[in-house]
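Q: Please take one part of this model and look at it closely. Begin with the whole chain, then zoom in on the aromatic rings and their surroundings.

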Amino acid sequence: AARGMDSLRKALDDRRRIQKEDAEAYARWIEAAPKVLRPTLDSGIFEDGYFVFRPMSEAEKSERRPFKSEETLAALNSKLSKEMPNERERALVLLAWLGSGSGKWTGCPDFEAITEEMLLDIPTEAVVSAAQDENLTPAQLEGAARLLLDFPHLKIPASLREKLCVYAEASGDPYKKSRALKNREVLNKNL
C-alpha cells in the first residue's frame, strides 16, 4: 500500500512541477510579447492547465484542447500589423516571442501555439528573410529553429537550414536534435 502512495505522491509532485514550469514559461512569454498585444493577452487565463481567452465550454473541456479562437488570432494579428506593418519586422518580433517561452518544441504549453499561429499568417518569404538576419538574438534564433525545422520540406536556403540545424544540435535536447537530423536528411538529398 505504501508503494502505491509513493507513486501517487510522485505523480502529484510531477504535476505540480509541470504547472510551476508552465506558469514560469507563461510569465516569460507574456514579458516577451509585443507591448501592443499585452492588454489582450492579460485578459487570458489558465483553466485546467490550458490557456484560454474566456472560460472553456464543456465541449472544449471534453476535447482537452486549448481554445483557439479565429477572432482572437485575427484581433492579435490586426493589432500587431497596425503597430508594425512591415512583415519582416513583425516576423522578427514574433520569432523572438516564440523563442521566449518554455524552450520545449514538443509538449510545450498550449499558449505558445498562439505565437506559431501568428507567424504562420505572415508570408513564408518574410519569415525566412527575417530568420536569415545575421544579428538574430538568442530568442529569435530559438524561435526560427523551432518554427522552420518543424517543416523539413519547406524550401529554405541551405545555409539557413544548416545554421538552424547546428543550433538545434548544440541544444542537447533530444527532440531538437531529431528535428535537426530530419532536416539534414533533406539537405543531403539536395546535394
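**A ring pair and its surroundings**

A: Take the contacts in the chain between residues at least 6 apart in sequence: 61% of them join residues at least 24 apart. Keep that in mind, as the ring pair below also links distant parts of the chain.

First, the setting. This is a predicted model. The pLDDT averages 84 over the chain, and 82% of the residues score at least 70. Confidence is highest in helix 5, at a mean of 97. It is lowest in strand 1 (residues 45-47), at a mean of 49.

The chain has 10 helices and 2 strands. Reading along the sequence gives α-α-β-β-α-α-α-α-α-α-α-α. The chain has 191 residues, and 41% of them are buried. About 10800 Å² of the chain is exposed, with carbon and sulfur atoms supplying 54% of that area.

Now zoom in on the rings. How many aromatic pairs does a search of the whole structure find? The search finds 2. Here is how to read such a pair. A pair of aromatic rings is described by the distance of the centres and the angle of the planes. For Trp29 and Trp97, the ring centres are 4.7 Å apart and the planes meet at 25°. Centres within 6.5 Å make a pair, and planes under 30 degrees apart count as stacked. Trp29 and Trp97 are therefore a stacked pair.

Where do these rings sit in the chain? Trp29 belongs to helix 1 (residues 2-32). Trp97 belongs to helix 5 (residues 87-98). They are 68 residues apart, so the pair links distant parts of the chain.

Are the two residues buried or exposed? Buried means under 20% relative accessible area. Trp29 has 0%, so Trp29 is buried. Trp97 has 0% too, so Trp97 is buried as well.

There is also a third ring to look at. Tyr26 joins Trp29 and Trp97 in one aromatic cluster.

Next, which residue touches this pair from another helix? Look at Thr115, in helix 6 (residues 113-120). Set aside its neighbours within four places in sequence. Thr115 is then in contact with Trp29, Leu94, Trp97 and Leu98. That list includes the stacked residues Trp29 and Trp97. Thr115 has a relative accessibility of 0%, so it counts as buried.

Now step to the residues beside Trp29 in helix 1. Arg28 is in helix 1. At 39% relative accessibility, Arg28 counts as partly exposed. Trp29, by contrast, is buried. Arg28 and Trp97 are 69 residues apart in sequence, but their C-alpha atoms are 9.1 Å apart in space. What does Arg28 touch, leaving aside its neighbours within four places in sequence? Arg28 is in contact with Ser100, Gly101 and Ser102.

Ala27 is in helix 1 too. Ala27 is partly exposed, with a relative accessible area of 45%. Its C-alpha atom is 9.8 Å from that of Ser100, although their places lie 73 residues apart along the chain. Ser100 also turns up among the contacts of Arg28.

For a contrast, turn to another part of the chain. Helix 9 (residues 158-171) has 14 residues. From first C-alpha to last, helix 9 reaches 20 Å, close to the 20 Å expected at 1.5 Å a residue. Its buried residues are Leu160, Arg161, Leu164, Cys165 and Ala168. These residues cover an arc of only 135° around the axis, which puts them on the same side of helix 9. A general rule helps here. An α-helix has 3.6 residues a turn, so residues three or four places apart point the same way. On the other side of helix 9, Ser159 and Ala170 are exposed.

What covers the buried side? The cover includes helix 7 (124-131), helix 8 (138-148) and helix 10 (174-189). Ser178 is a residue of helix 10. Ser178 is partly exposed, with a relative accessible area of 34%. Its C-alpha atom is 8.7 Å from that of Ala168, and the two residues are 10 apart along the chain. Helix 9 is followed by Gly172, whose phi is positive, near 80°.

To return to the rings: Trp29 from helix 1 and Trp97 from helix 5 form the pair, and Thr115 from helix 6 is in contact with Trp29 and Trp97.

Note on methods: Residues are numbered from 1 along each chain as its sequence is written. This is a predicted model: local features need pLDDT of at least 70, side-chain atom pairs count only at pLDDT 80 or more; totals for chains, interfaces and linings use all residues. Side-chain values use heavy atoms; hydrogens and water are left out. Rings of Phe, Tyr and Trp (its six-membered ring) pair if their centres lie within 6.5 Å; planes under 30 degrees apart count as stacked, over 60 as edge-to-face and the rest as tilted. Helices (H or I, at least four residues) and strands (E, at least two) are DSSP runs, numbered from the N terminus. Buried means under 20% relative accessible area, exposed over 50%, partly exposed in between (1.4 Å probe, protein chains only). Contact means heavy atoms within 4.5 Å. Accessible areas come from the Shrake-Rupley method with a 1.4 Å probe; for residues, only the protein chains shown count as cover. The expected span of a helix is 1.5 Å times one less than its number of residues. The arc is that of the directions from the helix axis to the C-beta atoms. pLDDT is the predictor's confidence in each residue, from 0 to 100.
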